[in-house]
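This report is written for a reader who meets the structure for the first time. Please look through the sequence and the model below before reading on.

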Amino acid sequence: MRLLDSVRVAARRRHLSRRTEEAYVDWVRRFVHHHGTQHPNEMGEAEISDFLSSLAVRGRVSAPTQNQAISALIFLYRDVIGRRIERPETFVRARTPKKLPVVLTPAEVRQILERLTGVKWLVATLLYGTGMRLLETLQLRIKDVDFARNEILVRRAKGGRDRVTMLPLSVQPQLRRHLLTVKAQHQRDVECDAGWVALPHALDRKYPSAGREWAWQWVFPATRIRPHPNSGRRSRHHLHESALQRAMKEAVRVSGITKHATCHTLRHSFATHLLEAGYDIRTVQELLGHRSLRTTMLYTHVLNRGGLGVRSPADDLAAATTKIDV
């Protein structure tokens with residue numbers, strides 16, 4: 001078996017996400033080509049360190065990108081080749097300056113949402129109203145939305161963990177109407193010998209007909225029916241994230257907002273606005289699905305109270321001057 005095919009098989013055996021699998025395959029390819037297509041069996045920690053250093057020095061990649069490359073190579077040697085490789089230490093580490101997230105004001109969020117329509121408005125509103133990531137929202141299935149409990153179950157989020165977030169009451173009427181349209185579309189697909197959807201892991205073998213059941217369908221299905229790459233069944237994938245990213249970019253431009261706002265900015269704004277409203281930071285941590293509280297605490301530095309939430313002494317001086325003038 002070819003090396004890259006072996007990486008794919010090992011990734012699927014470990015139930016890694018498709019995106020992680022693609023990233024690992026790409027890093028293994030780049031590692032091999034960096035050393036003149038030499039097989040990893042003939043290389044070791046010295047070659048790994050040289051490759052990682054080149055990423056930082058010549059590639060000028062960020063620290064998270066370099067860390068992803070390290071994880072991919074450790075996975076290659078541990079799970080594919082069967083050699084234990086310690087995490088390398090003797091390489092040039094990439095440095096990423098600490099950046100605060102871009103946060104929109106409630107008025108700016110309203111401006112952007114007013115310039116979106118239909119499904120794109122619905123997705124963007126859920127991004128801001130739930131704190132979900134874009135791909136988490138697009139990968140929602142019908143059974144993950146609980147109107148009775150006003151909850152959304154986010155499955156296999158970042159890090160492979162499930163979590164629960166709220167379902168905003170204000171968006172429920174539009175979401176119900178949207179699901180009625182999606183259900184009618186699904187019924188037409190089934191009548192045309194389509195209507196299949198990809199299932200996680202091996203559920204399609206355990207429950208052969210589940211791929212056509214309503215509960216497993218995407219909340220935001222794609223507009224076109226395509227043959228599934230593995231099974232060949234005529235199915236719909238979920239809506240592609242690029243469609244929402246383009247719509248968000250255009251809405252920001254038309255709104256005249258000068259901030260570099262993306263779909264992920266709505267998640268940042270969700271967290272910041274909850275903290276501004278006085279909600280406990282650990283509650284926000286659970287809603288966002290952060291493993292570490294330190295990640296959530298980043299939003300305390302961008303609260304709408306000036307730098308680091310401190311009142312400037314110049315404001316007190318200006319207030320005192322105003323009283324004297326009066």
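## His-301 and its setting

His-301 is placed in the loop that runs between α13 (293–297) and α14 (313–325). The model is a predicted one, and in it His-301 has a relative accessibility of 33%, so this residue counts as partly exposed. Along the chain, His-301 and Pro-40 are 261 residues apart, and the distance between their C-alpha atoms is 44 Å.

## The nonpolar cores

The largest nonpolar core holds 37 residues, and the members that touch the most other members are Ile-112, Leu-167, Leu-175, Val-219, Phe-220 and Leu-244. At least two residues of this core come from each of the helices α5 (106–114), α6 (118–130), α7 (134–138), α8 (172–191), α10 (241–255) and α11 (263–276), and the strand β2 (151–154) likewise supplies at least two. The largest share belongs to α10, which gives 6 residues to this core.

Leu-175 offers a view of the contacts around one residue: leaving aside residues up to four places away in sequence, Leu-175 touches Leu-122, Val-145, Phe-147, Leu-167 and Val-219. Separate from the largest core there is a second core of 30 residues, which includes Trp-27, Phe-51, Ala-69 and Ile-85.

## Aromatic pairs

How many aromatic pairs does the count give? The count comes to 3 aromatic pairs. One of them is formed by Tyr-24 and Phe-75, whose rings are tilted, with 5.3 Å from centre to centre and 45° between the planes. This pair links distant parts of the chain, since Tyr-24 belongs to helix α2 (residues 18–34) and Phe-75 to helix α4 (residues 63–81), 51 residues apart. Tyr-24 and Phe-75 are both buried.

Trp-27 and Phe-51 form an edge-to-face pair, in which the centres lie 6.3 Å apart and the planes make an angle of 75°. Because Trp-27 lies in helix α2 and Phe-51 in helix α3 (residues 45–57), the pair ties together parts that are 24 residues apart in sequence. Trp-27 has a relative accessibility of 3% and therefore counts as buried, and Phe-51 is buried with a relative accessible area of 3%. Trp-27 and Phe-51 also belong, with Phe-31, to one aromatic cluster.

## Charges over rings

Two contacts between a charged side chain and an aromatic ring can be described here. The charged end of Lys-143 sits over the ring of Trp-216, at 4.4 Å from the ring centre, while the charged end of Arg-176 sits over the ring of Phe-147, at 4.1 Å from the centre of that ring. Phe-147 is also one of the residues that Leu-175 touches.

## The sheet

Strands of a sheet pair through backbone hydrogen bonds, and the pairing may be parallel or antiparallel. In this model an open sheet of 3 strands follows the order β1-β2-β3, and its pairing is antiparallel. The edge strands, β1 (145–146) and β3 (163–166), each pair on one side only. Between β2 and β3 the antiparallel pairing extends over 4 bridges, and Leu-153 has Val-164 in β3 as its bridge partner.

## Cysteines

A disulfide is a covalent bond between the sulfur atoms of two cysteines. Searching the whole structure finds 0 disulfides. As for individual cysteines, Cys-192 has a relative accessible area of 48% and is partly exposed, whereas Cys-263, at 9% relative accessibility, counts as buried.

Notes. Residues are numbered from 1 along each chain as its sequence is written. This is a predicted model: local features need pLDDT of at least 70, side-chain atom pairs count only at pLDDT 80 or more; totals for chains, interfaces and linings use all residues. Side-chain values use heavy atoms; hydrogens and water are left out. A nonpolar core is a set of buried Ala, Val, Leu, Ile, Met, Phe, Trp, Tyr and Cys residues joined through side-chain atoms within 4.5 Å. Buried means under 20% relative accessible area, exposed over 50%, partly exposed in between (1.4 Å probe, protein chains only). Contact means heavy atoms within 4.5 Å. Rings of Phe, Tyr and Trp (its six-membered ring) pair if their centres lie within 6.5 Å; planes under 30 degrees apart count as stacked, over 60 as edge-to-face and the rest as tilted. A charge sits over a ring if NZ of Lys or CZ of Arg is within 6 Å of the ring centre and within 35 degrees of the ring normal. Two strands pair if DSSP finds at least two bridges between them. A disulfide is a pair of cysteine sulfur atoms within 2.5 Å.
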